[in-house]
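Trainee: I have a model open and a list of labels to justify. Can we go through them one at a time?

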Amino acid sequence: MNSTSQAQPMIDISRVNHVFPGGIHAVMDANLTIEEGSFIAIVGPSGCGKTTLLNLLAGLIPLHDGKILVNGTAPKAGRHDVAYMLARDCLFPWRTALSNVMLGGEFRGVPSDETRQRALALLNQVGLKGFSEHYPKALSHGMRQRVALARTFSLKSPVLLMDEPFGALDAQTKVQLQSVLLELHGSERRTVVFITHDLSEAVTLADRVIVMSPRPGRIIADISIPLPRPRSAKSLQKDPEFHRLYAELWGWLEQAMEEAA
């Protein structure tokens, strides 16, 4: 079910298995190719290995069995062509919103003027114009996630790994940030791998949705999302095709849970 292309994929996962100490088999025989510029969402029940797969792509945990290539090379922590956004904003409380967004550029040695200009532009783009000098304690949870999103996009990494970045937000704020992410992805066309438990979010954002089974996590479906871009997170709620795709994904998850029972 994986898509193929004559060009080298941006991410290539081949026969990957991962077993944690104690014999916990987190990921089983994962095979997946992801083309440059595509947006991939991964869904599945809690504990099915979604985040493990993301951490393997980031090089944060060692690959025990199988093969992974990211932008043509093996995963390695700290590489500049990969950016990782966590579920928590992880902002430094002693730095302003602006200086938090500038942090990645500072670590990577980007000239401060260039880093500052890009950070200010991204803060405006995520709806935080006028809040650049505010500290995290003065920002709501949703606003802090906007800062974290701006920080992630400030890194000019072609691959973005995102682990449930909007999972703890209220419904209205989540839709707002989905719209922001759609705009940012549309303008820059990064390759995004996005973990979520929210099927609606997956259909709204992704070009393809990967469904994983309960642990040990296997890829059981690779669903194309043919909704045209640019998309509106709000207007999609009234689109019959959106609801058909949601129901298809729900059916795959139900089937996986029944087989695991």
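Mentor: Start with Pro9. Its relative accessible area is 18%. Buried means under 20%, so Pro9 counts as buried. Keep in mind that this is a predicted model.

Trainee: Where is Pro9, and what does Pro9 touch?

Mentor: Pro9 sits in the segment before strand 1 (11–20). Leaving aside neighbours within four places in sequence, Pro9 contacts Thr33, Ile34 and Glu35. Pro9 and Ile34 are 25 residues apart along the chain, yet their C-alpha atoms are separated by 5.6 Å.

Trainee: Why is Asp207 called buried?

Mentor: Apply the cut-off again. Asp207 has 19% relative accessibility. The limit is under 20%, so Asp207 counts as buried.

Trainee: What makes the pair Asp207 and Arg229 a polar contact?

Mentor: Distance comes into it. Their side chains meet at 2.9 Å, and the cut-off for N or O atoms is within 3.5 Å. Asp207 lies in the loop between helix 6 (199–205) and strand 8 (208–212). Not counting residues up to four places away in sequence, Asp207 also touches others, including Phe39, His185, Arg189 and Arg231.

Trainee: Why are Asp29 and Cys90 called partly exposed?

Mentor: Asp29 has a relative accessible area of 34%. Cys90 has 35%. Partly exposed is the band between under 20% and over 50%, so Asp29 belongs there, and so does Cys90.

Trainee: What is notable about phi in Asp29 and Cys90?

Mentor: Most residues other than glycine have a negative phi. Asp29 has a positive value, near 50°. Cys90 is not a glycine either, and its phi is positive at about 55°. Asp29 is in strand 2 (residues 24–34). Cys90 is in the loop between strand 5 (82–85) and helix 2.

Trainee: How do you know that the length of helix 5 agrees with its residue count?

Mentor: Helix 5 covers residues 171–188, which is 18 residues. The expected span is 1.5 Å times one less than the number of residues. That gives 26 Å, and the end C-alpha atoms are 26 Å apart, so the two agree.

Trainee: What happens at the ends of helix 5?

Mentor: Asp170 caps the N-terminal end, with a side-chain oxygen 3.1 Å from the backbone nitrogen of Gln172. Just after helix 5, Arg189 takes a positive phi of about 50°.

Trainee: Which residues of helix 5 are buried, and what covers them?

Mentor: Among the buried ones are Leu177, Leu181, Leu184 and His185. An α-helix has 3.6 residues a turn, so residues three or four places apart point the same way. The cover includes strand 3 (39–43), helix 3 (112–125), helix 4 (141–154) and helix 6.

Trainee: What makes helix 2 mostly covered?

Mentor: Count the buried residues. Helix 2 spans residues 97–107, and 9 of its 11 residues are buried. They include Leu98, Val101, Met102 and Leu103. Helix 3 and helix 4 are among the elements covering them. Just after helix 2, Gly109 has a positive phi of about 75°.

Trainee: Why are helix 2 and helix 4 called roughly parallel?

Mentor: Their axes cross at roughly 30° and come within 7 Å. Angles under 35 degrees count as roughly parallel, so the label fits helix 2 and helix 4. Ala97, Asn100 and Val101 of helix 2 make the contact with Val147, Ala150, Arg151 and Ser154 of helix 4. The crossing is right-handed.

Trainee: Why are helix 3 and helix 4 called oblique?

Mentor: They pack at about 135°, with axes 9 Å apart. Roughly antiparallel needs over 145, and roughly perpendicular runs from 65 to 115. The angle fits neither band, so helix 3 and helix 4 are oblique. Arg118, Leu122 and Leu123 in helix 3 meet Val147, Ala150, Phe153 and Ser154 in helix 4. This crossing of helix 3 and helix 4 is right-handed.

Trainee: Which peptide bonds are cis?

Mentor: Most peptide bonds are trans. The bond joining Arg215 and Pro216 is cis, with omega about 0°. The bond joining Arg229 and Pro230 is cis, with omega about 0°. Pro216 lies in the loop between strand 8 and strand 9 (219–224). Pro230 is in the loop between strand 9 and helix 7 (240–260).

How values were computed:
Residues are numbered from 1 along each chain as its sequence is written. This is a predicted model: local features need pLDDT of at least 70, side-chain atom pairs count only at pLDDT 80 or more; totals for chains, interfaces and linings use all residues. Side-chain values use heavy atoms; hydrogens and water are left out. Helices (H or I, at least four residues) and strands (E, at least two) are DSSP runs, numbered from the N terminus. Buried means under 20% relative accessible area, exposed over 50%, partly exposed in between (1.4 Å probe, protein chains only). A polar contact is a pair of N or O atoms within 3.5 Å; within protein, one must be able to donate a hydrogen and the other to accept it, and residues adjacent in sequence count only if both atoms are side-chain atoms. Contact means heavy atoms within 4.5 Å. Axes are lines fitted to C-alpha atoms, for helices over the stretch in contact, and angles run from 0 to 180 degrees between N-to-C directions. A crossing is left-handed if the near helix is turned anticlockwise from the far one by less than a right angle, and right-handed if clockwise.
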